Amino acid sequence: MTHRPTPEPGALDAEDVSVVVNGRTLVDRVSLHVAPGEVLGLVGPNGAGKSTLLRTVYRALRPTSGRVLLDGEDVWRMPGKRLAQRLAAVLQESTGDFELTVHDVVAMGRTPHKRAFAGDDAEDRAIIMDSLEELDVAALAHAPFDRLSGGEKQRVLIARALAQRTGTMVLDEPTNHLDLRHQLDALRLVRRVGVTAVIALHDLNLAASFCDRICVLDGGRTVATGTPQEVLTRDLLAEIYRVEAEVSPHPGTGIPQVTVLPGARRDGIR
């Protein structure tokens, strides 16, 4: 990318965050520290609390207790526009079908950096085009967003977050609906731009390949946090996912690779 350098990556902290909804504890006293420029993966089974925790970070859900800090400042005390200048979010699902073109959706990422009702200037247009090209959706720029496939929509929403040019990003299952090539492209992009990132993923091998550290959640609680080598163990996978799996270093990279053994479960059910 040749236009408008990405701001300095931020430090992101969750301090003893809990979320209780209708009497049910979805996140239970989770604390995390993500250093500037670090990529942290959130993994765990369905219902582990990954999406709920991320929602507290991008202010879609207020924590019942605890706080979320960006560079030491409580995100819930920051003006919304200033937070949007510093933190971008890619949600697990689109909030709806926009009656906009792909270009218009990506251009929404520039809104926090402009005055109300201001049009796009040359720098905005360059950033928008860069973002479209980075996610391989430039050819769809004039297509209606609501007519795209699920994978195309996901790439457009990642492009919108990229156009926001923040130093910190949270991404909730960003590889959903993407084919193998675009899964790799999206995660490589996050690494390349050098932002601080928290990424919820189901694919443990992608998490091992692209994340500096991994945090495992289960039942809303933190089970383990550490490097992929420290966290992705046979015993942990049996405990959390109730599956038998082999974990071995990739012969070329040394990165842990998880192979689930079909038909075998630690609880004996087949």
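**Figure 1. Pairing of strand 9 (213-218) with strand 10 (221-226) in the predicted model.** Leucine 217 has threonine 222 of strand 10 as its bridge partner. Five bridges hold strand 9 and strand 10 together in the antiparallel sense. The hairpin formed by these strands has two residues between them, and in this hairpin glycine 219 takes a positive phi near 60 degrees. Strand 9 also pairs with strand 3 (residues 39-43), here in parallel, through four bridges. Leucine 42 has cysteine 215 in strand 9 as its bridge partner.

**Figure 2. The open sheet of four strands.** The strand order is 2-1-4-5, with antiparallel pairing. Strand 2 and strand 5 are the edge strands; each has a single partner strand, so one side of each lacks a neighbour in the sheet. Strand 1 pairs with strand 4 (residues 65-70) over five bridges, in the antiparallel sense. Within this pair, alanine 14 has valine 68 of strand 4 as its bridge partner. Strands of a sheet pair through backbone hydrogen bonds, either parallel or antiparallel.

**Figure 3. The largest cavity and its lining.** The model has three cavities of 30 Å³ or more. The largest cavity holds about 80 Å³ of space. Its lining consists of Leu12, Asp13, Ala14, Leu32, Val34, Leu42, Leu53, Leu54, Val57, Val68 and Val198. Strand 1 (12-21), strand 2 (24-34) and helix 1 (50-57) each contribute at least two residues to this lining. Ten of the lining residues are nonpolar, none is polar and one is charged. Alanine 14 and valine 68, bridge partners in the view of the sheet, are both among the residues that line the largest cavity.

**Figure 4. Helix 9 (residues 234-241) and the elements around its buried residues.** Leu236, Leu237, Ala238 and Ile240 of helix 9 are buried. An α-helix has 3.6 residues a turn, so residues three or four places apart point the same way. The buried residues of helix 9 pack against three kinds of neighbour in the list that follows.

- Helices: helix 7 (204-210) and helix 8 (228-231).
- Strands of the hairpin: strand 9 (213-218) and strand 10 (221-226).
- Later strands: strand 11 (245-249) and strand 12 (256-260).

Arginine 242 follows helix 9 and has a positive phi, near 60 degrees.

**Figure 5. The salt bridge between arginine 221 and aspartate 28.** The two side chains meet at 2.6 Å, N to O. Arginine 221 belongs to strand 10 and aspartate 28 to strand 2, so the pair links distant parts of the chain, 193 residues apart. Arginine 221 has a relative accessible area of 45% and is therefore partly exposed. Aspartate 28 counts as buried because its relative accessibility is 15%, under the 20% limit. The model has 16 salt bridges by the rule applied.

**Figure 6. The salt bridge between arginine 86 and glutamate 73.** The side chains of arginine 86 and glutamate 73 meet at 3.4 Å, N to O. Arginine 86 is in helix 2 (residues 80-86) and glutamate 73 in strand 5 (residues 73-74), so the salt bridge ties together parts 13 residues apart in sequence. Arginine 86 is partly exposed, at a relative accessible area of 22%. Glutamate 73 is partly exposed as well, at 27%.

**Figure 7. The salt bridge between arginine 181 and aspartate 136, and its network.** The side chains of arginine 181 and aspartate 136 meet at 3.2 Å, N to O. Arginine 181 lies in helix 6, whereas aspartate 136 lies in the loop between helix 4 (122-134) and helix 5 (150-163), so the pair ties together parts that are 45 residues apart in sequence. Salt bridges with shared partners join Asp136, Arg155, Arg181, Asp185 and Arg188 into one network. Aspartate 136 is partly exposed, with a relative accessibility of 38%.

**Figure 8. The surroundings of threonine 175.** Threonine 175 sits in the loop between strand 7 (168-172) and helix 6 (180-193). Threonine 175 counts as buried because its relative accessibility is 8%. Leaving aside residues up to four places away in sequence, threonine 175 touches Gln183, Leu187, Leu201 and Leu206.

Key: Residues are numbered from 1 along each chain as its sequence is written. This is a predicted model: local features need pLDDT of at least 70, side-chain atom pairs count only at pLDDT 80 or more; totals for chains, interfaces and linings use all residues. Side-chain values use heavy atoms; hydrogens and water are left out. Buried means under 20% relative accessible area, exposed over 50%, partly exposed in between (1.4 Å probe, protein chains only). Contact means heavy atoms within 4.5 Å. On a 1 Å grid over the protein atoms alone, a cavity is a set of points where a 1.4 Å probe fits but cannot get out, and a pocket is an open set with protein on both sides within 12 Å along at least five of seven lines; lining residues have an atom within 4 Å of a point. Grid points are joined across faces, edges and corners, and a volume is the space filled by probe spheres set on the points. Ala, Val, Leu, Ile, Met, Phe, Trp, Tyr, Cys and Pro count as nonpolar, Asp, Glu, Lys and Arg as charged, and the others, Gly among them, as polar. Two strands pair if DSSP finds at least two bridges between them. A salt bridge is a side-chain nitrogen of Lys or Arg within 4 Å of a carboxyl oxygen of Asp or Glu.
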